[in-house]
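Reader: Hi! I'm just starting out with protein models, and I'd love a close look at one helix and how it sits among its neighbours. Could you walk me through it slowly?

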Amino acid sequence: MNVRQRIHWLLITLGVILSLSFGFGAYLIFRNHRPGSHLETQKSTASEQRSDIEALLKEGARCLRNHQAEQALMAYRQVLAHHPTSLAAQLGLAQGELLA
């Protein structure tokens with residue numbers, strides 16, 4: 001084989017590798033953007049997080065009623081870590097700080 005044939009086969013091989021890599025990338029994009037596959041996962045995790053946040057808010061309120069300031073502060077700070085705009089958690093944190 002002369003130099004031209006080697007370059008020719010090298011370019012063909014690189015073209016095939018490039019085509020395969022772009023094909024695989026398109027497959028990954030298509031797989032992640034199918035309707036319903038990702039939304040169902042987000043809905044289930046969002047509902048789980050909402051129930052966890054509600055449970056932490058109830059736990060914080062119970063701890064405040066029992067004058068357990070440190071436990072209430074921890075519960076409200078966990079809520080704020082996941083949902084920083086929660087007004088109930090901010091007010092509970094302020095009441096816990098006042099109690100402490």
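Author: Happy to! Let's take helix 4, which covers residues 87-99. Its 13 residues reach 18 Å from the first C-alpha to the last, close to the 18 Å expected at 1.5 Å a residue. Please keep in mind that this is a predicted model. The chain averages a pLDDT of 86, and 88% of the residues score at least 70.

Now ask which residues of helix 4 are buried. They are Ala-89, Gly-92, Leu-93 and Gly-96. Looking down the axis of helix 4, you would find these buried residues within an arc of 105°, so they line one face of the helix. The general pattern behind this is handy to remember: an α-helix has 3.6 residues a turn, so residues three or four places apart point the same way. Turn to the face of helix 4 that points away from the buried side, and you meet the exposed residues Leu-87 and Leu-98.

What does the buried side join? Two of its residues, Ala-89 and Leu-93, belong to the largest nonpolar core, which has eleven residues in all. Among the other members are Ile-53, Leu-57, Cys-63 and Leu-64, as well as Ala-72, Leu-73, Tyr-76, Val-79 and Leu-80. Helix 2, helix 3 and helix 4 each supply at least two residues of this core. Helix 3 gives the most, with five residues.

Helix 4 also has a link through charged side chains. Glu-97 forms a salt bridge with Arg-77, and their closest N and O atoms are 2.8 Å apart. Glu-97 lies in helix 4 and Arg-77 in helix 3, so this pair ties together parts that are 20 residues apart in sequence. Are these two partners buried or exposed? Glu-97 is partly exposed, with a relative accessible area of 43%, and Arg-77 also counts as partly exposed, at 44%.

The structure holds two salt bridges, and the other one makes a nice contrast. In it, the side chains of Arg-62 and Glu-59 meet at 2.5 Å, N to O. Arg-62 and Glu-59 are three residues apart in helix 2, separated by about one helical turn. Arg-62 is partly exposed at 33% relative accessibility, and Glu-59 is partly exposed at 32%.

A word of care belongs here. Confidence in the chain is lowest in helix 2 (residues 37-65), with a mean of 77, and highest in helix 1, with 92. As a general rule, where pLDDT is low, the predicted coordinates should not be read in detail.

Between helix 2 and helix 3 (69-82) there is a loop, and His-67 lies in it. Phi of His-67 is near 60°, a positive value in a residue other than glycine. For comparison, most residues other than glycine have a negative phi. His-67 is exposed, with a relative accessible area of 62%.

Last, a quick visit to helix 1 (residues 3-32), where Phe-24 and Tyr-27 sit three residues apart, separated by about one helical turn. The count of aromatic pairs comes to one. The rings of Phe-24 and Tyr-27 have their centres 6.2 Å apart and their planes at 35°, so the pair is tilted. Tyr-27 counts as partly exposed, at 44% relative accessibility.

To come back to where we began: helix 4 has a buried face, two residues in the core and a salt bridge to helix 3.

Note on methods:
Residues are numbered from 1 along each chain as its sequence is written. This is a predicted model: local features need pLDDT of at least 70, side-chain atom pairs count only at pLDDT 80 or more; totals for chains, interfaces and linings use all residues. Side-chain values use heavy atoms; hydrogens and water are left out. Helices (H or I, at least four residues) and strands (E, at least two) are DSSP runs, numbered from the N terminus. The expected span of a helix is 1.5 Å times one less than its number of residues. Buried means under 20% relative accessible area, exposed over 50%, partly exposed in between (1.4 Å probe, protein chains only). The arc is that of the directions from the helix axis to the C-beta atoms. Rings of Phe, Tyr and Trp (its six-membered ring) pair if their centres lie within 6.5 Å; planes under 30 degrees apart count as stacked, over 60 as edge-to-face and the rest as tilted. pLDDT is the predictor's confidence in each residue, from 0 to 100. A salt bridge is a side-chain nitrogen of Lys or Arg within 4 Å of a carboxyl oxygen of Asp or Glu. A nonpolar core is a set of buried Ala, Val, Leu, Ile, Met, Phe, Trp, Tyr and Cys residues joined through side-chain atoms within 4.5 Å.
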